[in-house]
Amino acid sequence: MTKPPKSKPLLQVDKPLRSRARKPRDPSQPNLPLDPMPARVDPCLALLKSKPPKGPQWAFEVKWDGYRIAVHIEPKGARILTRGGHDWTHRFPAIAAEAAQLGAATAILDGEAVVLDEHGRSDFGQLQQSLGGRGGKLNSGASVLMAFDLLYFDGHDLTNTELSTRRHLLEGLILPGRESAIRLSEEVEADGEQLLRLACEHGLEGIIAKDRNSAYRSGRLGDWLKIKCIQSDSFMIVGYEQSTAARGQIGSLLLAAYRGNSLVYVGSVGTGFKEKDAWQLREIMDKLKANRPAVEYEGSRKNIVWLQPTLIAEIEYRAWTHDGKLRHASYKGLREKQDNAEVYQLQDR
């Protein structure tokens, strides 16, 4: 067997190199403390903007369409928490198993649980199906975590550290190009406007811009920005129109957004339903019937069934009409209550 070559000394000195003799530790001096691992970190949320920002401080990533989760790696195993703080470890078994094998003693990964289509794009509808729909009990073995931040690592809280350092540590833990249940959401070196154009051409939802110098701050404070190709937001379902010719006998869903603390009708959606999903949705809605509408409604009430405002739907749309209604809306799926989805908030016009 070939022996490795002998190495030359790094420093050329006359006397041999020797470490200084260690002194015994003074028991009155405390050990270097480790940061306690937080039970939960409220996520940093992206602020919606119409155009990508400019400047060298901004890093860009693909916007993934799934469930925001935090993966807590602990000595006893991995835990997966939803954005609302609910334990969904059992719902994402492949991600939890992979997390336990990453090699970190302790860590908190921030990312998006997604199901990817044959082109590598995240598909919210497929993710919902893999979980059995809203309120479903299925475990999504097909889901992968697109990890984009590292909040805690081997005993150290990183939330007050700038993003560029957190990303450096994350890329050491999850190598770029990794093909497994946990993957790195890679930064893309490109001009923001060029990247947005390419993302839209490839049918992606949009891009995320992040300030490289920012600490990890919970809430929607502008450190992270989202720029979308197609608008997609969460709206409250306040009723539906019955139709014997439509899937699930749902002609359309009546949608509402918040203005302040009040719900306001913002139009309906009658496309995007798959046969199985439509019937499951109808079964859920039939248990939530209400005697009166939760919003002011001036249209025809023929065949309208009003609902208690508890179901939140993810809706794609192209624009708003001049009177505040959604244009070209398409149904994507129901949001889980554990996801803590925010219903769209209307701004004063």
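In this predicted model, strand β3 (residues 67-74) is joined by six bridges to strand β4 (residues 77-82), the two running antiparallel, where strands (E, at least two residues) and helices (H or I, at least four) are DSSP runs numbered from the N terminus and two strands pair if DSSP finds at least two bridges between them. β3 and β4 form a hairpin with two residues between them, and I69 stands opposite T82 in β4. Seven bridges join β3 to strand β5 (residues 107-114), again in antiparallel fashion, with I69 opposite G111 in β5.

Eight of the eight residues of β3 are buried (under 20% relative accessible area with a 1.4 Å probe, protein chains only), so the strand is largely enclosed by the rest of the structure. In a regular strand the side chains alternate between the two faces of the sheet. Both faces of β3 are covered, with Y67, I69, V71 and I73 buried on one side and R68, A70, H72 and E74 buried on the other.

A further four strands form an open sheet of mixed pairing in the order β1-β10-β9-β2; β1 (47-48) and β2 (58-62) stand at its edges, each with a single partner strand, so one side of each is left without a neighbour in the sheet. Two bridges join β1 in parallel to β10 (residues 224-228), and L48 stands opposite K226 in β10. Helix α4 (residues 192-201) packs on this sheet, touching β2, β9 (206-211) and β10 (contact means heavy atoms within 4.5 Å), and its direction makes about 150° with that of β9, the axes being lines fitted to C-alpha atoms, for helices over the stretch in contact, with angles from 0 to 180 degrees between N-to-C directions.

Residues are numbered from 1 along each chain as its sequence is written, and side-chain values use heavy atoms, with hydrogens and water left out. Local features need pLDDT of at least 70 and side-chain atom pairs count only at pLDDT 80 or more, whereas totals for chains, interfaces and linings use all residues.

Terms used
Buried < 20%, exposed > 50% of the residue type's maximum accessible area, 1.4 Å probe, protein only.
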